[in-house]
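Me: Can you walk me through this fold? Keep it quick.

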Amino acid sequence: MTLAPAVTTLDTLAAGQSATVIHLAPAPVQGPDTGVDMSRRLMELGFVPGERIRMLKRGLPGGDPLAVKVGETTFAMRRFEAALISIKPE
């Protein structure tokens, strides 16, 4: 019997692993960038439900920034942004 991978967030994905985007959560409202705007921006970049992504590299120390591949494009993002993206690891 095989267990399906649990849903987690992109900030926990190990370098070299792939996953599928499940959901984007709005960020807490802080300053001029509201959570709705950040979630919308991530979706505009290609982080949409059903999209396959791959964690290429994690920065050291502390893990910032993250290098994430979506389609044919590589993005650098902060851990708190990646924490908004729910994924299902492969």
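Reply: Here is a short tour of the sheet, then one residue. This is a predicted model, where local features need pLDDT of at least 70, side-chain atom pairs count only at pLDDT 80 or more, and totals for chains, interfaces and linings use all residues. Residues are numbered from 1 along each chain as its sequence is written, and side-chain values use heavy atoms, without hydrogens and water.

Me: What is the strand order in the open sheet?
Reply: The order is 1-6-2-3-4-5, six strands with antiparallel pairing. Strands are DSSP runs (E, at least two residues), numbered from the N terminus. Two strands pair if DSSP finds at least two bridges between them.

Me: Which strands stand at the edges?
Reply: Strand 1 (8-9) and strand 5 (73-77). Each has a single partner strand, so one side of each is left without a neighbour in the sheet.

Me: How many bridges join strand 3 and strand 4?
Reply: Six, in the antiparallel sense. Strand 4 covers residues 63-70. The two strands form a hairpin with three residues between them. Glycine 62 in that turn has a positive phi of about 85 degrees.

Me: And what stands opposite isoleucine 53?
Reply: Valine 70 in strand 4, and alanine 19 too. Strand 2 (residues 18-24) pairs with strand 3 (residues 52-59) over three bridges.

Me: New topic. Is serine 86 buried or exposed?
Reply: Serine 86 has 19% relative accessibility, so it counts as buried. The cut-offs are under 20% relative accessible area for buried, over 50% for exposed, and partly exposed in between (1.4 Å probe, protein chains only).

Me: Which residues is serine 86 in contact with?
Reply: Leaving aside neighbours within four places in sequence, they include Thr8, Thr20 and Ile22. Contact means heavy atoms within 4.5 Å. Serine 86 lies in strand 6 (residues 85-89).

Note on methods. Helix = DSSP H or I, 4+ residues; strand = E, 2+ residues; numbered from the N terminus.
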